[in-house]
Structure formats: structure tokens, C-alpha cells
Amino acid sequence: MRWFSHRSVAALATGLLLGALGYQLWVPDWPARLTSPQWSTALFDRQGQLLDLHIAEDQQWRLPYQAVELPTRYQTALLAFEDQYFFQHPGINPLSVARALWGNLVAGKVKSGASTITMQVSRLLYGNQPRTLSQKLQETRLALQLEWHYDKAQILQLYANHAPYGGNIVGLTAASWWYFGREPAALSWAEAALLAVLPNSPGLIHPGRRADVLLHKRDQLLRKLAERGAIQAVDLQLALLEPLSQKPAGWPAQSPHLLQTLRSKWPQQPLFYTDLDQQLQQQMTALLARHARTLAISGVHNSALLLIDHQEMKIRAYVGNASVAAETSTAEAAAENITTHGRAVDIIQSRRSTGSILKPFLYALMLDEGLLTAESLLPDVPSKFGGYAPVNFDLQFRGAVKAGDALAQSLNVPAVRMLHQYGVGRFKQQLAAFGLSTVNKGADHYGLSLILGGAEATLFELSRSYAAMMQLAALTKTATAMPLLNLQFPALPLAENQSDSGQAVAEKAPSEAAAETLSMPISSGAAYLTMQTLLNVERPDSEGSWRDYVNSQKIAWKTGTSFGLRDAWAIGSNGRYTIGVWTGNADGSPAAILAGARSAGPVLFDAFRLLPDSPWLNKPVTALQQVEVCANDGYRVRFSCQRSTTELPAQRQLQTAHSFQQQLWLDPTGTYQLPAGCAPQIARQQQTRLILPVAMAYFYQPQHPEYQGLPPYWPGCEQMQDQSNTSQHNLRLDLLYPSSDSQIRLPLQLDGKLGHSIFRAVHRDNKALLYWHLDEQYLGQTRMPHQMAIQTTAGQHQLVITASDGSRLQRQFEVLGDPELKR
């Protein structure tokens, strides 16, 4: 009974011991380096080339090796050098332990160890700990736990990710890029052998640290591999001829701003595989650096460039911010000077005033709705909408201009009048459909200035939207087949097979981070016609007489300049690529050179010269239709006007009944009007003429001597004019400022009283006298040009102007009280 009792106790104790051991193996206490490793962040191009790197929080250059198996050459060399029985032992090799103990006893000192790769991983995961017996037992326990919970390939991966390679270079991936400038899979036998022996003595890699010893270790391992038949004799000879590199390849710094943007968006992701092209990235970075030197002389310290392959909708180059001091080839040097002049700012993702860069979107929308054609005449006259009075960049007025020319010349007044017709609210909603997420305030916030820089957008979204419109223009389907077209484009330039954790995942659908769906609010026909119009934008002076060269590359482009000369934009497309360029100062300070055509435009065309010529779009015949219009105003055919044909998107009709055509009865010479009952003895002829309103004709006629205008009445018949006809076409007198029923605010003078406002009028007869009356009080008379300085009180007023030919104009307006006068 006593014997049975002792056996039971022994069995119980043994069971408890084994249970405790099993518990230790099954429920491990993993070190933080295993559960929460601190990774550096790396950026790769579409071919897997390293573009940029950011150091880990613990100031180590450490990159994860994520493939299931290590590269064959490296793994073969590693196992031959460190642990040839790795796949046979359970984490501890008893034979190696016995051999090491015997050798150390014979030698009388510690001559060799018995650490397996698993035990080395255990030691690396614990970090720098005192080499005590207790620590050794803890590492042994962790080694057994690793073997219990991980397979051999995973343990090798852990070793590759945590092994030291000299200085603050940790892990196979970081070492491969740092020393050799290539990924681990591309290592030669000599390079693989070097990285296999280096963790055993990482200090030998430093210059002056007995490189001969390191070379001897490498070559000894290479010969050992040859003896075992791992490498051929010729490979051995070539490997032994490879010298040790005198200088590491170092870290590239080709896209630091993109890397920073990606890190801020996905802070837990160590590796970013993008669609960038390393060669194009280098070329565009160098190009922008050259221009940065010139621009800095003129007080412009920042510029950015985005290159998109719109055929594939992939970003190929991303230069987030270039400036003179930021020119550097290493990540360390770039970090030192990146704060001056806002160099740390990723301009591509920054909101900036849009200037005129939104005009093509409005033009395309109005084309698609049949509100105009490229030939339609638009007013370009002094205009005021409430308190907003837009002016053209050159401060000139053309009276009337074709819609296509207005876009190509980037005229502000016609654009504002177009937006007034289309509606600010509608246009703002459509901009969201174009992919511009930053135009997100209410329509009242922007007003009509929305089309001239009243909104903010990013170079990223603008370039992406232009690229999407270019891709849409290349399609040949009819508009009715696809009222809304879905396009794929990158939200950020991440490769489509990348997971949120940074793991390379095969055959995975594009993640939300990799692509978004854009529903374009226009047809392919409207996109094509818009791009065709942008081919006519005048190029920078550096392009010379580009129109004279038949082989000149076709580039549809548009500029933008923000108010106060603070932002300059240029976005253009050839048959394959879309490039967006911004120049300015990150802090918003102005510079005289900051105009789209002067600063951003030259960068754009220099960038296109670095790219191969691409054939222009094929005309999408089925997406277009020919429409008949009056030749001299571009609107629907009316009366017997001379006709011409122009193009509209398929299945669209000119919706507007607007026309500048008027049918007149004239004398045989066409000099005078002959209304019914006037000079019946004179033969009459009927003509259809272009008759512009007085204000438009006033500015239009000096630039168009062929314009005939509205003839006077036959002498003696002036009083027979049909007084019921109040059409703007027939008016002989008009007021340029203020407009009908407008509200104006007079300037406040130093003495606290309201100042003068200059009223302007025009008459078809340049010799006519005008007599001005305000609230039935005579003000005076004027000759050409007709301007009158008016000073009055706040409130409603009536202005009456009478001309020497009897024509008369009456205008109501309100003078707003100045808030300063109420204090």
C-alpha cells in the first residue's frame, strides 16, 4: 500500500511536471519584438524597386521579409553556415550541445556554442539581455515554443527579419537594399554568402574593421557550398572574384512626400508597392529640381508634378514638393533640410486656389447639355453680378467671342457668364462627380467666383479628373449607351495586390485604398470636344512657333492662376499621359512670375519632352454628330443666315433659342433700314444680319471691321422705329455699369462721406451726345467715351440717359449704405 502510494505520488509529480512543461509550450509569453515589431516604412515602384524609406521609431532600418520562403541562395548559405541540421532538430540540437560541451572542456574555455537558428531567433527577440544562465534557459524555452507554434519556414523568416547586419541595419531585406541596392531574391552567391556570415560578426562590415576577415569568412563559406554541391565550380570562381563593396548602395530618396502621405494614411503598414515607374520618377524629379533653381530666383520656392498614364489610369511619377535646398540623393540629407520653405508639405495633396483650371469642366457640361457649341458667341463685356465684377487677365474686352476661343484663351468674363447661366449649385454638384472632393461648401459660399479660383482643390484630384476625362474622350461608344461612365482610377498610387497590412496578396481584388469608381457626368463626345478645344491653348514662349510644325506633339492643356499670383497650375495630356504641375510657395506668399503659362507651363512641356510621343485620340465618330448653325454666331439656324456645321455630342440638341440673328429690310445698297411705310418709292431687300447688343458691338466692332451692325433708318424715317420692339438687338443705347436693378456700394471717403462711382454708357453712333439725369436732376452731357461720375445718397435712384438721336434709356439702381456710416 505504501509502495502504491509512493508510485502514485511519483506519477502525479511527473504528470504535473509534464503538464507544466506542456503549458509553457502551448501558452507562450511572446516577447514584444515578435508581437509588435517596429518596422521602417518603404516605398517601391511597380517593378519592386526601392524608391524611398523612413526609419523605424527605434531608429533602426528594419524591413520585413514577407515571402513564404527565403531566397534559395541566401537560405542555402545560411543553413550551411549556421545550422545544417535545422530541418531535423526540434529547436535544440543535442548532438551540437554535446559536441560543444566536449570541445569547451578539452580547450578549457568556451570555444564554440551550440545555438541553432531557432535559439538565435529566440535571443534576437529578447534583445540585448545579460548572458546569464537564467536568460539562457529562458531563450531555450522560447526556442521550444517557437518550434511548437511555428513551422520551419516561419522561423527562418523571423531570423531574416531580426538578424543584425551592422550598425542600425536589421534584417535581410534592409541589408540587401542598403549594401547592394537590390531585393534579396536578386542577390548573387557572393552577396548571399556575405549576408549569411555577417550577423555572426556584424562589426566587420564597417570600413577599417578588418574587411579581410569578413572576406575570408565569405570565401570559406562559398567553398563549403561548392564542396557540398550547392553551387557549380564556375559559379564558385565568379563568386570568389567579387570584391567586397567599399561603400554601401545607401538609401534612395526619390519620393519622400508620397511616402509621408501614405504613412499618415496607413501608419501600421510597412511596405507600399505603388504603380510608380522608377525611371520616370527620377526623370521628373530631376526636371523639377532644375526648374526649382530658376524659379527660386523669382521668389518661387515650391513646385510639384504628377504624371498619370491615363490609358491604364496608373500614376507613374509623383514629385510632391521640389525646391533648391531639397535637392539630395539620400534620405538622411533630405530629412535635414526638409522644413525650410515648407519643403515637408506634400503639395500634391494640399488644397490650393484653383484659378481658371475648372473652366474645361463647365465647358464640357454645357456642351453635353446643348447649351452651346464651340462656335457659339458669348458676351465679353464689362459685367457686374451684385458686387462681383469679373475682368479678364489682360484687362481687355472683346465684345463677343466664340465659346471655344474663350476657353482656349481662358477668358474670365465669358466663363463667369456661362456659370451664371448654368448655375453655381449645379456646377458644384457636378464637380463632385468629376472627383473633386474639396469643393464641398455651399453654393452661396463660392458664388460666381467658383469658376475663377473661389474654390480649393488638390493637384492630385485635378490631375486625376483631367486624366479621367482624357480616357473618356478616347472611348467610341455613343452617349446614349453610357449616360454615366464608370472609370477606375487610383485614390493613392498603391499596387492593386497589396493588403492593408502590407502583405503581398496574390489574386486579390483591388482594395478601397487602391482604386475608386468615378462616374463621369459627361459623355465621351463632350470630353473629346473639350480636349480638342484645349489643343488650341497658346503654348509658353519656350515652345516658339509650335503651330508651324506639322510634327509638333499634340497636347491638350490648361493653365490656372489664383488671385493675387499665389498659385500657378498647368495640366495637360498627350495621347498616353496626363501631367499636372503646380508652382508657388507653400506658405501662400505671392510672386510676380506666378502665372500658369509663365511658371507651370514651361515645366509641363519640358516634362512631355521627356516622354515618348503618343498618337492623339482617334475621333469617336459614333459619339459625335454634325449640327447646322448660323456661321457668324454659332447658334441654331434662324431666318436665312449663312450656315455652317459644327459638332455636338451624339443625341444632343441645341437647347437654347438664343440667337444674334435679325431679319432686316434694307435699301438696295444695304446702308439704311427701310421699315414698312418708309420711302415706298425705294426698292427694298431682305437681309439676315448678325446684330449684337450695343455693349457687345461697342467692343466687338474695332476688332472685327467686317462687322456691319445695325444700319440707321432712312433719313426722315427715324420716328417710324417700332417702339414696341425692346430687344437688345435693336437698342441704340445701353448702360455698361450699373446693370438693371443692381445694387452698388459707393466708396467711403476720408471725410466720412460717400464718394463717386463711374457710370459708363455706349451708343451705336460714336458721334452721338448723351444727356444724363439722376432723379430728374440734370447732371451733364458726354461725348464718346461716355462716362459720368455720380455721387448720391443711400437708397433707390433712377437714372435717365437721352441721346441726341432721340433714343432713351432708363435704369433703376440702389445705393447701399456703408456700414461704417452707421457707427
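The following paragraphs lead through the disulfides of this predicted model. A disulfide is a covalent bond between the sulfur atoms of two cysteines, and a search of the whole structure finds two such links. When the bonded cysteines are numbered in sequence order, they pair as 1-2, 3-4.

We begin with the link between Cys630 and Cys641, whose sulfur atoms lie 2.0 Å from each other. The torsion about this S-S bond is -80 degrees, and the link is left-handed. Cys630 belongs to strand S17, which spans residues 624–630, while Cys641 sits in the loop between S17 and strand S18 (643–649), so the bond ties together parts that are 11 residues apart in sequence. As for the surroundings of the two residues, Cys630 has a relative accessibility of 0% and therefore counts as buried, and Cys641, at 6% relative accessibility, also counts as buried because the cut-off for that class is under 20%.

The other disulfide is formed by Cys678 and Cys717, with a separation of 1.7 Å between their sulfur atoms. Here the torsion about the S-S bond is about 90 degrees, so this disulfide is right-handed. The pair links distant parts of the chain, 39 residues apart: Cys678 is found in the loop between strand S19 (661–666) and strand S20 (685–690), whereas Cys717 is found in the loop between helix H23 (694–700) and strand S21 (733–737). Both of these cysteines, Cys678 and Cys717, are buried.

Notes. Residues are numbered from 1 along each chain as its sequence is written. This is a predicted model: local features need pLDDT of at least 70, side-chain atom pairs count only at pLDDT 80 or more; totals for chains, interfaces and linings use all residues. Side-chain values use heavy atoms; hydrogens and water are left out. A disulfide is a pair of cysteine sulfur atoms within 2.5 Å. Helices (H or I, at least four residues) and strands (E, at least two) are DSSP runs, numbered from the N terminus. Buried means under 20% relative accessible area, exposed over 50%, partly exposed in between (1.4 Å probe, protein chains only).
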